[in-house]
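Here are my notes on this one, point by point. Keep the viewer open as you read.

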Amino acid sequence: MDLDERKSKILHAIIRNYLETGEPVGSRTISKYTDLNLSSATIRNEMADLEELGYIVQPHTSAGRIPTDKAYRLYVDTMMEEKDKQIEELKGMVLDAEEKMDKVLKNVAKVLANNTNYATVVSAPQIKRNKLKFIQLTRMNDKQILAVIVVEGNVIRNNVIDVEEPLNEETILKLNLLLNTHLNGLSIDEINLAMITNMKEQAGIHGSIIGTVVDAVAAAIRGDEDLEIYTSGAQNILRYPELSDKQKAGELITAFEEKKTLAQLAVSNLADEGKNGIQIYIGEETPIESMRDCSVVTATYELEEGMRGSIAIIGPKRMDYDKVVASLKRMMNELESRYKKDE
């Protein structure tokens, strides 16, 4: 039979407490673990029903209750179903947002190139991922488990972890509880060696899995994916005699085609978190070697706290600075306003 909300919350509280302490759980303890505001007597009655239904047992007279295999099965299925649903919803939100942002930033680059008659580079916003939201371990087969890691900004990373022997669902459940209890809401700086050692000790023979998951969490928080770059107007460079020299033009066009150099330009501009205004680099001031005969005007946009991207306009040293700066300011305002409106 399906459990009503009260019985379900009491059972989950018993399971969580037992997994944390290893001790039988009494009604007084449960009254502190639920939001039902029930008396110990009422909780005892509900626990008696749960025992009759086969979800908990009393190991000996006058002791509290401990979960049965049937309770673990219900708990695991419910938890995994909730986490799977949450992850799918997050993935959908992220994919929709990325698709929308991709179209917007491509248009930003095109409009600025057309308005200024110079070359334009726009980087996608980088998310400053400070903290872990949650971890979900799931059994894939006898030799592998899947670690789904979600960090701030709803960034999702999937990591396949090899295991030496099959893990049963109770073990995976305990590892999930151990990892989430200790790590949820923490930044990478707050995850220290003593904490990792403690978790490994609690995990026993599965301590190596804890180490692997923590490494994956660190990579997810730091962010190691390639920076997405959008460009437009590269051919505009050839309009200016001082930049149309075969070698100079070739280097600039190559930079735009490969985009690696442009990513360096964006990263350089984003490195200083206080640099949110307009920056103008003239000739030798330009941080990119192949652009030392150009002027580069950059701006850093911030869509929300922690999401920052870069826009750069590249042209001759005699570029129309007033027009470029005005165009950048207008585009930054439109971009930020549009994003906030969409949100």
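1. Start with Glu289, which sits in the loop that links β9 (278-282) to β10 (294-304). Keep in mind that this is a predicted model. Is Glu289 buried or exposed? Glu289 is exposed, at a relative accessible area of 60%, and that follows from the cut-off, because anything over 50% is called exposed. While you're there, look across to Glu251: the two residues are 38 apart in sequence, and their C-alpha atoms are 9.6 Å apart in space.

2. Another loop residue to click on is Asn117, in the loop between α4 (69-116) and β3 (119-123). Asn117 isn't a glycine, yet its phi is positive, at about 65°. As for accessibility, Asn117 comes out as partly exposed, with 29% relative accessible area.

3. Zooming out for a moment: the protein chain has ten helices and eleven strands. It runs to 343 residues, of which 45% count as buried. If you take the contacts between residues at least 6 apart in sequence, 62% of them join residues at least 24 apart.

4. Now the N-terminal helices. α1 (residues 5-21) packs on α3 (residues 40-52) with the axes 10 Å apart and an angle of about 85° between them. The pair is therefore roughly perpendicular, since angles of 65 to 115 degrees fall in that class. On the α1 side you'll find Arg6, Lys7, Ile10, Leu11 and Ile14, and these meet Thr42, Ile43, Glu46, Met47, Asp49 and Leu50 of α3. By type, the residues of this contact split into six nonpolar, four charged and one polar.

5. Stay in this region for Ser27, which belongs to helix α2 (residues 27-33). With 10% relative accessibility, Ser27 counts as buried, because the limit is under 20%. Which residues does Ser27 touch, leaving aside its neighbours within four places in sequence? The contacts are Ser40, Ile43, Arg44 and Met47. Two of those names should look familiar: Ile43 and Met47 are also among the α3 residues that meet α1.

6. The other helix pair I'd show is α5 (residues 169-183) with α6 (residues 193-203). Their axes come within 11 Å and cross at roughly 160°. That makes α5 and α6 roughly antiparallel to each other, as the angle is over 145 degrees and so qualifies. The crossing of α5 and α6 is right-handed. From α5, the residues involved are Leu175, Leu178, Leu179, His182 and Leu183; from α6, they are Met195, Asn198, Met199, Gln202 and Ala203. This contact holds seven nonpolar and three polar residues, with no charged ones.

7. Last, the cores. How many residues does the largest nonpolar core have? It has 28, and Leu137 and Leu183 make the most contacts inside it. At least two residues come from each of β5 (132-141), β6 (144-151), α5, α6 and α7 (207-222). The biggest giver is α7, with seven residues. A separate core of 24 residues lies apart from this one, and its members include Val122, Val297, Val325 and Leu335. Note that Leu183 turns up twice in these notes, in the contact of α5 with α6 and in the largest nonpolar core.

Conventions
Residues numbered from 1 in each chain as written. Predicted model: local features only at pLDDT ≥ 70, side-chain atom pairs only at ≥ 80, totals over all residues. Heavy atoms only, no water. Axes fitted to C-alpha atoms, helices over the stretch in contact; angles between N-to-C directions. Helix = DSSP H or I, 4+ residues; strand = E, 2+ residues; numbered from the N terminus. Parallel < 35°, antiparallel > 145°, perpendicular 65-115°, else oblique. Left-handed = near helix turned anticlockwise from the far one by under 90°. Contact = heavy atoms within 4.5 Å. Nonpolar A, V, L, I, M, F, W, Y, C, P; charged D, E, K, R; others polar. Buried < 20%, exposed > 50% of the residue type's maximum accessible area, 1.4 Å probe, protein only. Core = buried A, V, L, I, M, F, W, Y, C linked by side-chain atoms within 4.5 Å.
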